[in-house]
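Here is a short tour of one protein chain, written for someone who would rather look at side chains than at statistics. Keep the viewer open as you read.

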Amino acid sequence: MCGIVGIVSTSNVNQTLYDALTVLQHRGQDAAGIVTFQDDKFFLRKDNGLVRDVFRTRHMRRLVGNVGIGHVRYPTAGSSSSAEAQPFYVNSPYGITLAHNGNLTNAADLSEDLFRTDLRHINTTSDSEVLLNVFAHELQKLGKLKPTKDDIFAAVSAVHRRCRGAYAAIAMVTGYGIVGFRDPNGIRPACYGVRESEQGREYMIASESVALNAAGFTLVRDIQPGEAVYIETDGTLYTQQCAETSRLIPCIFEHVYFARPDSIMDKVSVYKARLRMGETLADKLLRERPDHDIDVVIPIPDTSRTSAMQLAYRLGVKFREGFIKNRYIGRTFIMPGQTMRKKSVRQKLNPIDLEFRGKNVMLVDDSIVRGTTCKEIVEMARDAGAANVYFASAAPPVRYPNVYGIDMPSANELIAHNRSVEEIRQLIGADWLIYQDLPDLITCVSDVNPDIDDWECSVFNGQYVTGDIDARYLTELEALRNDEQRSQAAGQSKDNGIIDLHNDED
């Protein structure tokens, strides 16, 4: 999972790109990058780390120009070395950089084709570099000295024909402008907005609307599935549907976990969707246990807070903040190794004993993935003196791996995979466990935008909307994602034979 942003402005974009990436930091904490251009030259800074650590004053001064793109990254594929930080760059044709959110499910085949047929070298294991080279090759095939908007759209159309999976991407063609496009199923989010300045009209493309709001841009709309938005350096905007067929099937897990609550995705308010998750979960709880003895509802910070608050209101019981969060610890479900994750939970959350002692506590989380965090938190609640510890998940059981850009564990590392709710309850040590039902979750996010054809719910139901995921693919994916493989990758450094002059620390 990653965050992307691109801006065409009437003044330097470096600070606005930086600010947008800080707002999108929740989408990626592994690496960050910004590239701008001025006078037909590009200026790049990218490295591992948070936005605030990657960009210093000396870097910002070098990032000159009125056009640029930025990226924050979680490593959903490949290694987490700085060589795989984005944006990526190719010099031919024109000089193109690209930032990508998602995952290409046919990346291995594309990489082979690029080498044997297109005569292009892929330098990393990242599917984002593959996507960039496909776009660049299709644009180069047109043989134009200066690309027109029709050329840009033709190249995106070819990308849709060749690439499968999920992708929201922003590419910058040096000297000409930026183009944002979304896969034909619209699995990963992307939107664009406008801002009026004294010098003229400015545009921003971003993963979430909150990045637009923070920079003073007004949301125009979401980029449609298969659509491309091309903005020339003078601020002229063009849009075109580039896919032969398209459907709007966004990832439902964005609303459960990843997106900020103040974002609007495909006309759906993330905040309102999470409020509804709390309501429907409370209704299920009342059906199953009308005589419940819950004294207090406590969220597990931060994503579950909205749902937990509404659940407590619906039940008519107290809502309390029982855990204090250390905000300098990253999200735990993608951390390699069980030992590291268990240690991180204790460092991240500290219970307030007063809210637990002698009470029947209902803990609410947005979802349960590995179960490592849940088990530790249940133990923490008991240690703080809780009489009974109940647990509620605002999402259904996560039983299957994600193949569209979320770095979830392999199936065997998912606590709900091939287990009943009762078995899961015993493993996490709760006195009672309740999950959201998938039809209820879909209802929570569907009643705003009738144009949504369906929802990408594969982590809950194992149904992959692109139709190209089979047992062999999942087996290969599991080999890449298991904890042992992650630990080995974390201990290795990648020598790719390239010296990145923009990662200097002078």
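The text below looks at salt bridges and then at one strand and its partners.

**Salt bridges**

This is a predicted model, and it holds 31 salt bridges. Three of them are set out here, with the distance between the closest N and O atoms or from N to O.

| Pair | Distance |
|---|---|
| Arg27 and Glu254 | 2.9 Å |
| Asp451 and Lys267 | 3.8 Å |
| Arg305 and Glu321 | 2.6 Å |

Let's begin with Arg27 and Glu254, whose closest N and O atoms are 2.9 Å apart. This pair links distant parts of the chain, 227 residues apart: Arg27 sits in the loop between helix H1 (14-23) and strand S2 (31-38), while Glu254 belongs to helix H8 (residues 253-258). Are these two residues buried or exposed? Arg27 is buried, with a relative accessible area of 0%, and Glu254 also counts as buried, at 2%. The two take part in a wider arrangement too, since a network of salt bridges links Arg27, Arg188, Glu208 and Glu254.

Next come Asp451 and Lys267, whose side chains meet at 3.8 Å, N to O. Asp451 lies in the loop between helix H14 (438-446) and helix H15 (458-461), and Lys267 in the loop between strand S14 (264-265) and strand S15 (268-269), so this salt bridge ties together parts that are 184 residues apart in sequence. Here Asp451 is partly exposed, with a relative accessible area of 48%, and Lys267 counts as exposed at 52%.

In the third pair, the closest N and O atoms of Arg305 and Glu321 are 2.6 Å apart. Arg305 is in helix H10 (residues 305-315) and Glu321 is in the loop between strand S17 (318-319) and strand S18 (323-325), 16 residues apart. Arg305 is partly exposed, at 26% relative accessible area, and Glu321 is partly exposed as well, at 29%.

**Strand S4 and its partners**

Now turn to strand S4 (residues 67-73). How many of the residues of S4 are buried? The count is 7 of the 7, so the strand is largely enclosed by the rest of the structure. In a regular strand, side chains alternate between the two faces of the sheet. In S4, Val67, Ile69, His71 and Arg73 point one way, Gly68, Gly70 and Val72 point the other way, and all are buried.

S4 has strand S1 (residues 2-8) as a partner: the two run antiparallel and are joined by 7 bridges. Within S4, His71 has Ile4 standing opposite. S2 also runs antiparallel to S4, again with 7 bridges joining them, and Ala31 stands opposite Arg73 in S4.

Notes:
Residues numbered from 1 in each chain as written. Predicted model: local features only at pLDDT ≥ 70, side-chain atom pairs only at ≥ 80, totals over all residues. Heavy atoms only, no water. Salt bridge = Lys/Arg side-chain N within 4 Å of Asp/Glu carboxyl O. Helix = DSSP H or I, 4+ residues; strand = E, 2+ residues; numbered from the N terminus. Buried < 20%, exposed > 50% of the residue type's maximum accessible area, 1.4 Å probe, protein only. Pairing = 2+ DSSP bridges.
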